[in-house]
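Please take a moment to look over the sequence and the fold together before reading on. The explanation below is meant to be followed with both in view.

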Amino acid sequence: MSSDNSSDDARQVWDVVVVGAGPAGASAAYAAAVAGRRVLLLEKAELPRYKTCGGGIIGPSRDALPPGFELPLRDRVQAVTFSLDGRYRRTRRSSHMLFGLVDRSEFDRRLVRHAQQAGADLRTGATVSRVEQHGPAVPDRRTVAVVLQGGETLLARAVVGADGSASRIAAHVGVKVDQVDLGLEVEIPVPQEVAEDWAGRVLIDWGPMPGSYGWVFPKGRTLTVGVISARGEGAATKRYLEKFVARLGLAGFEPDISSGHLTRCRSEDSPLSRGRVLVCGDAAGLLEPWTREGISFALRSGRLAGEWAVRIAEAQDAVDTRRQALNYAFAIKAGLGVEMSVGTRLRTVFERRPGMFHAALTGFRPAWKAFTRITRGSTTLAEIVRTHPVAGRVLDTMER
């Protein structure tokens, strides 16, 4: 276990304790620390640690980064090859960078370092078993007890749960999900000539199961190759990955890492808080339902959670606490919630008609332009549907 200034943890009350040091947690810790509050960031692993994730940094992610943050880019994507279960391949190119690719272990570590520089304390090797807002461990109504494995108890005025899709804090809050998907990923070191062939280009393959797709993201001499599909299709998802890797001519290279991860999308009526405890990022089930892109949702919801955790820490009674928690929920739903709603509609259409999506992106210039504008951060899916009546009508028609 490593710790920064943690020897007095049990004897002090932190303004904000953040559980989980991924993009959501680091963003929350940074936002609360910048506001001048005493912040403790807890992480069960030692940093850096591997995370199953493509590592794509689209425009909304870049725009949500803290001031002065320098992205550790491994590649800059200017071309996308699309295929439909291996067929009908077509590459489309842009004169501008569409998005960047990062190694998540380095990206997350830099975000944590940024939070520390803002004043947050970090404690790694700390696994949270539960939080308590009532009972003998809680000295007063303005305090939350964070209980670690082994029984140690930390006290806080507000807690932010950013501990991933299997979150203990989400269980306390009562987060509900209505979409669970399984992502499988391998990190494949490749020779220089193979790496050069992929430099600046990603591949997106619309898969054989409803709602599934695969990807290849180049990061120097390593290719991140993965697939995702609905939970319950584990055997079929594994076969898809194996065939996908073989079809790409990569079966002869030994992966450094093989991993899996469940992604969970929240139900529209799922809570985002309970008392003085907020959830954000994967812990809250916040990600784009169609693409399952989660980094931008983690960064944006983490920042909001940190800002509202400060307000909750200052709340003097249950009424004010509830008001601030509702304001946080409104901020999430007004932005990310709207994007998720449109993403759910697109996922439904994509599950039925993947060929139509492929044909549009590879052969219909406005669809490709919309894709580039979304990845670069100049618009969102929700904004396109809201501001372009034709797009809304097309989506309505395809949903029927």
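What follows is a walk through several parts of this structure, beginning with its cores and moving on to strands, helices and single residues.

It should be kept in mind throughout that the model is a predicted one. A good place to begin is the largest nonpolar core, which has 69 residues, and within which V17, L42, F107, V146 and Y328 touch the most other members. Helix α7, covering residues 295-314, supplies the largest share of this core, namely 11 residues. If we follow F107 and set aside residues up to four places away in sequence, we find that F107 touches P23, I57, L65, F69, L71, P72, V102, I295 and L299. There is also a second, separate core, made of 30 residues, and F82, L346, F350 and I374 are among them.

We can turn next to strand β2, which covers residues 39-43 and contains L41. Because the relative accessible area of L41 is 1%, and a residue counts as buried when that value is under 20%, L41 is buried. Apart from its neighbours within four places in sequence, L41 is in contact with V18, G20, A21, G25, A26, A29, V112, D121, L122 and R123. With one of these, L122, the C-alpha to C-alpha distance is 4.8 Å, although L41 and L122 are 81 residues apart in sequence.

A small step further brings us to strands that pair with one another. In general, the strands of a sheet pair through backbone hydrogen bonds, and they may do so in a parallel or an antiparallel way. Here 3 strands form an open sheet in the order β3-β7-β4, with antiparallel pairing. Its edge strands are β3 (56-57) and β4 (73-77), each of which pairs on one side only. Between β4 and β7 (residues 99-102), which run antiparallel, there are 4 bridges, and R76 has G100 in β7 as its bridge partner.

Another strand, β16, covers residues 257-266 and contains S259. With a relative accessible area of 17%, S259 is buried, because this value is under 20%. The side chain of S259 is joined to that of T52 by a polar contact of 2.7 Å, and, leaving out residues up to four places away in sequence, S259 touches Y50, T52, G183, L184 and E185.

Now consider helix α6 and the loop that comes before it. E233 lies in that loop, between β15 and α6, and is partly exposed, with a relative accessible area of 36%. The C-alpha atoms of E233 and D181 are separated by 8.9 Å, while these residues are 52 residues apart along the chain. How far apart should the ends of α6 be, at 1.5 Å a residue? The 14 residues of α6 (residues 234-247) should span 20 Å, and the end C-alpha atoms are 20 Å apart, which agrees. The buried residues of α6 are A236, T237, Y240, L241, F244 and V245, and what covers them includes β12 (177-189), β13 (201-206), β14 (213-219) and β15 (222-230). After α6 comes G249, whose phi is positive, near 75 degrees.

Helix α9, which covers residues 354-363, has F357, H358, L361 and T362 as its buried residues. Seen down the axis of α9, these buried residues fall within an arc of 115 degrees, so they line one face of the helix. Their cover includes β5 (79-84), β6 (87-93), β13, α8 (318-352) and α10 (365-376).

How values were computed: Residues numbered from 1 in each chain as written. Predicted model: local features only at pLDDT ≥ 70, side-chain atom pairs only at ≥ 80, totals over all residues. Heavy atoms only, no water. Helix = DSSP H or I, 4+ residues; strand = E, 2+ residues; numbered from the N terminus. Expected span 1.5 Å × (residues − 1). Buried < 20%, exposed > 50% of the residue type's maximum accessible area, 1.4 Å probe, protein only. Contact = heavy atoms within 4.5 Å. Polar contact = N/O pair within 3.5 Å; in protein donor to acceptor, adjacent residues only side chain to side chain. Core = buried A, V, L, I, M, F, W, Y, C linked by side-chain atoms within 4.5 Å. Pairing = 2+ DSSP bridges. Arc of directions from axis to C-beta.
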